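Here is a friendly walk through some labels and the reasoning behind them. Have a look at the model first, and then we can ask why each term applies.

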Amino acid sequence: MRAFAATAKSMGEHLREPERPAIAVVTSQAAQFSVLGDIQLEAQRKAVRALAYTDHLTLYAVAENQLARLGSPKLVILPSPQALTEAAWKTLLKYADDGGNLLVTGAVDRNEHWQRVPRASELKLDGEADR
């Protein structure tokens, strides 16, 4: 036990500010509480599994209400956002405008109350959501 304590103490300076992984996955708070969230949660689960298990890439997850802690990853993945808060959407767009890489899979045209909002058309994306 003393050897471990001595090693931990000697490593302390190196462990103070660990480097974050280059990939972040943003999770939706609305999906956690919605009866319609199963599709979103499954998309988030598959994104994490594909990156971690299949591609052996290190990533971290950030809840949409914690985007202030996002940092500066090289890539942010937003799997099946469906019902994302307007504040989170604007934060992610600013991240992309500032030079970040944002990969969005799925529809983005609903806010956290599942009301339609014209996010895709504002970005001049061609497509429309079902329903």
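Q: Which parts of the protein have the lowest and the highest confidence?
A: Confidence is lowest in helix 2 (residues 29-33), at a mean of 69, and highest in helix 4, at 93. This is a predicted model, and the protein averages a pLDDT of 82, with 87% of the residues scoring at least 70.

Q: Why is R119 called buried or exposed?
A: The relative accessible area of R119 is 2%. Buried means under 20%, so R119 is buried.

Q: What makes R119 and E86 a salt bridge?
A: Their side chains meet at 3.0 Å, N to O. The cut-off is a side-chain nitrogen of Lys or Arg within 4 Å of a carboxyl oxygen of Asp or Glu, so the pair qualifies. R119 is in helix 5 (residues 119-122) and E86 is in helix 4, 33 residues apart, so the pair links distant parts of the chain.

Q: Why is E86 called partly exposed?
A: Its relative accessible area is 32%. Since partly exposed covers the range between the 20% limit for buried and the 50% limit for exposed, E86 belongs there.

Q: How do you know that R45 forms a salt bridge with E42?
A: The closest N and O atoms of R45 and E42 are 2.9 Å apart, and the limit is 4 Å, so this pair counts too. Both lie in helix 3 (residues 38-54), three residues apart, about one turn of the helix. R45, at 36% relative accessibility, is partly exposed, and so is E42, at 29%.

Q: What makes K94 and D98 a salt bridge, and why does D98 count as exposed?
A: The side chains of K94 and D98 meet at 2.7 Å, N to O, which is within the 4 Å limit. D98 has 56% relative accessibility; exposed means over 50%, so the label fits D98. A search of the whole structure finds three salt bridges.

Q: Why has E64 no salt bridge?
A: The nearest side chain of opposite charge, R119, is 7.6 Å away from E64. A salt bridge needs the nitrogen within 4 Å of the oxygen, so E64 has none, although it is buried. E64 is found in the loop between strand 2 (59-63) and strand 3 (75-79). Leaving aside neighbours within four places in sequence, the contacts of E64 include V26, T27, S28, A83 and L84.

Q: What makes a set of residues the largest nonpolar core here?
A: A nonpolar core joins buried residues of the nonpolar kinds through side-chain atoms within 4.5 Å, and the largest one has 15 residues. Those with the most contacts inside it are V26, L67, L70, V76, L78, L84 and L92. Strand 1 (23-27), strand 2, strand 3 and helix 4 (86-97) each give two or more residues to this core. The largest share, four residues, comes from helix 4. A second, separate core of five residues includes I23, V25, L59 and I77.

Q: How do you know that T58 is exposed?
A: T58 has 58% relative accessibility, and exposed means over 50%, so T58 is exposed. T58 lies in the loop between helix 3 and strand 2. Not counting residues up to four places away in sequence, T58 touches P21 and I23.

Conventions:
Residues numbered from 1 in each chain as written. Predicted model: local features only at pLDDT ≥ 70, side-chain atom pairs only at ≥ 80, totals over all residues. Heavy atoms only, no water. Buried < 20%, exposed > 50% of the residue type's maximum accessible area, 1.4 Å probe, protein only. Lys, Arg positive; Asp, Glu negative; His and termini not counted. Contact = heavy atoms within 4.5 Å. pLDDT = per-residue confidence, 0-100.
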